[in-house]
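The report that follows is meant to be read slowly, with the structure open beside the text. Please look at the chains one at a time before turning to the place where they meet.

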Amino acid sequence: MKFNTRQLVTLAVFGALWGLVEISLGSVLNALRVPFSGAVLTAIGLVVAMAGRMFVPKSGSTLFIGVIAMVLKLFSIGSVVVGPMVGILAAAVIAELALSGFRRPSRLAFITAGALGILWSLFQPFFTGLLLFGRDVMDIWQGVLREGERVFGLDTQAALLIVLVLALARLLIGAAAGWLAWDVGRRLLSRLNTGVQPAAHA
Amino acid sequence: MAYLEKSHLEAVTKADRQPALGTSGYLSVFACALGLIMLAPPGRMLPAAALCMGAAALLYPASLLRLVQPRWLLALAALVVVNGLFNFQAEGAGRDWLAGWIPLSQSGLLVGLRMALRAATALVAVDGFSGSVSISEVTGLLERFGLRGLGFSVGIAMNLLPSLHRAGTNAGYTLWMRGGLRRRRLENFKLYLVSVLADTLRYAEDIALAAETRAFSPENAPRLPISRGKYDLPAWGMGLGAILILLFL
């Protein structure tokens with residue numbers, strides 16, 4: 001993972017924006033207990049990170065942006081940081097792996113990376129709850145079912161349906177984030193007229 | 001001879017100035033505290049948490065005091081109470097109490113207590129670590145794991161936060177005054193993101209030029225220093241030893 005000075009500065013801009021979103025909007029959304037707040041935050045973060053990927057189309061750049069955002073979140077004041085830090089890093093790693101699977105940046109690559117990165121937020125409670133807070137698997141599972149009941153009005157007995165709907169909702173949010181990131185990145189490139197051509201045409 | 005005496009004096013002075021724990025030492029306390037609470041079996045949760053809290057009281061008492069804040073006390077108490085009230089399926093259920101007319105699950109209370117202990121220990125560990133080491137030390141540590149140039153980028157990111165905030169606020173007000181939040185919201189959100197990023201990237205361009213003028217290169221730049229403490233190695237040994245003892249003895 002080697003970047004030159006200009007690339008490091010560009011990555012810093014995108015990392016700072018993701019970090020700022022997590023510090024400011026993240027604290028508000030978590031305090032208000034908004035449904036899908038984790039997924040929405042990760043989606044905004046990934047839009048920023050993937051737009052950054054268009055400026056630095058090298059492997060490792062998305063992960064690098066995620067690590068910058070994670071470090072900024074670690075040193076933010078007065079909030080719970082363990083969950084968001086794990087979320088940021090996991091989403092960045094998954095998006096990085098997904099983007100590395102494609103030969104060059106494309107809208108499809110961004111949509112896939114966004115969808116997979118945000119799908120993680122469905123599994124994160126099992127990871128942090130189980131490992132860090134010692135919550136019972138059944139307890140976490142019931143939390144997931146209650147979320148499905150609260151948001152979609154589904155009966156908690158229809159466990160499989162709830163999980164499928166929740167996963168589908170996250171995949172859709174992620175795909176929309178990928179779509180948006182591609183548009184934002186291209187528009188940004190053309191506005192700044194940096195001389196860097198978009199890596200691929202939509 | 002004089003040289004030897006001088007170097008000896010320098011070594012002694014340096015040893016005196018060396019803090020008890022450096023970045024690696026604090027990392028060992030953080031990692032081992034998380035390891036202890038994650039891996040400790042339910043029966044050994046109390047000694048594990050006591051050990052972590054004891055270390056926290058010695059190293060970063062301010063983080064321990066954060067637990068006394070009403071919101072944290074309330075959150076931790078809620079973990080215990082909710083389990084006591086509703087968790088009747090926990091292991092050993094049946095030995096229940098009646099608090100007045102409210103039935104309480106004894107085993108649920110125990111499960112809740114363990115969860116609260118884990119949450120409190122994790123909170124103190126993260127807070128203590130982030131409060132004891134500086135941002136440059138953390139990035140220096142991450143640079144040693146292959147993220148070359150991270151220190152430079154994090155430094156820029158930290159300095160960009162105010163200008164990003166200002167750009168975000170200005171763009172948000174402009175959008176609001178032009179009625180951008182009433183219709184074509186997605187399109188306007190894209191415009192908002194592009195405006196904020198374009199503004200900050202132009203500013204970043206100046207930073208990159210300044211760095212290049214100073215002949216900065218990530219390859220030649222020295223790695224960010226991390227502080228070394230007198231007891232870093234013993235801290236690792238004690239932490240890993242505690243995990244092994246709690247798991248296997």
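Among contacts in chain A between residues at least 6 apart in sequence, what percentage join residues at least 24 apart? The value is 67%, counted over the contacts of chain A whose partners are separated by at least 6 positions. In chain B, residues 24 or more positions apart account for 73% of the contacts with a separation of 6 or more. These values, like the others in this report, come from a predicted model.

**The two chains**

The table sets out some like items for each chain.

| Chain | Residues | Buried residues | Helices | Strands |
|---|---|---|---|---|
| Chain A | 202 residues | 55% | seven helices | zero strands |
| Chain B | 249 residues | 41% | 10 helices | two strands |

Read from the N terminus, chain A follows the order α-α-α-α-α-α-α, while the elements of chain B run α-α-α-α-α-β-β-α-α-α-α-α.

**How confident the prediction is**

The model as a whole scores ipTM 0.81 and pTM 0.76. For chain B the mean pLDDT is 80, and 88% of the residues of this chain reach 70 or more. Among the elements of chain B, helix α3 (residues 45–59) has the highest mean pLDDT, at 88, whereas helix α1 (residues 2–17) has the lowest, at 55. Where pLDDT is low, the predicted coordinates should not be read in detail.

**Where the chains meet**

Contact between the chains involves 44 residues of chain A and 58 residues of chain B. Together the two chains bury about 4500 Å² between them, and 78% of this area is on carbon and sulfur atoms. Four salt bridges are found across the interface of chain A and chain B, and one of the salt bridges joins the side chains of A:D183 and B:K190, with a distance of 2.9 Å from N to O. Five residue pairs between chain A and chain B are in polar contact, with both residues at pLDDT 80 or more.

On the side of chain A that touches chain B, the elements that give two or more residues are α1 (5–32), α2 (37–55), α3 (61–74), α5 (107–131) and α7 (159–192) of chain A. The element α1(A) gives the most to this side, with 11 residues. Sorted by kind, the residues on this side of chain A divide into 31 nonpolar, six polar and seven charged.

**A closer look inside chain B**

In helix α7 (residues 135–143) of chain B, the buried residues are B:E137, B:V138, B:T139, B:G140, B:L141 and B:E143. The buried residues of α7(B) pack against α3 of chain A, and also against α2 (23–39), α6 and α8 (150–177) of chain B.

Is B:D127, which is found in helix α6 (residues 106–132) of chain B, buried or exposed? B:D127 counts as buried because its relative accessible area is 17%, and buried means under 20%. Leaving aside residues up to four places away in sequence, B:D127 touches B:S63 and B:R66.

The residue B:N188 lies in helix α9 (residues 185–213) of chain B. B:N188 has a relative accessible area of 12%, and therefore B:N188 is buried too. Not counting residues up to four places away in sequence, B:N188 touches B:L175, B:G180 and B:R183.

How values were computed:
Residues are numbered from 1 along each chain as its sequence is written. Chains are lettered from A and ligands numbered from 1 in the order in which they are written. Side-chain values use heavy atoms; hydrogens and water are left out. Contact means heavy atoms within 4.5 Å. Buried area is the accessible area (1.4 Å probe) that two parts lose on being put together, summed over both. A polar contact is a pair of N or O atoms within 3.5 Å; within protein, one must be able to donate a hydrogen and the other to accept it, and residues adjacent in sequence count only if both atoms are side-chain atoms. Helices (H or I, at least four residues) and strands (E, at least two) are DSSP runs, numbered from the N terminus. Ala, Val, Leu, Ile, Met, Phe, Trp, Tyr, Cys and Pro count as nonpolar, Asp, Glu, Lys and Arg as charged, and the others, Gly among them, as polar. Buried means under 20% relative accessible area, exposed over 50%, partly exposed in between (1.4 Å probe, protein chains only). pLDDT is the predictor's confidence in each residue, from 0 to 100.
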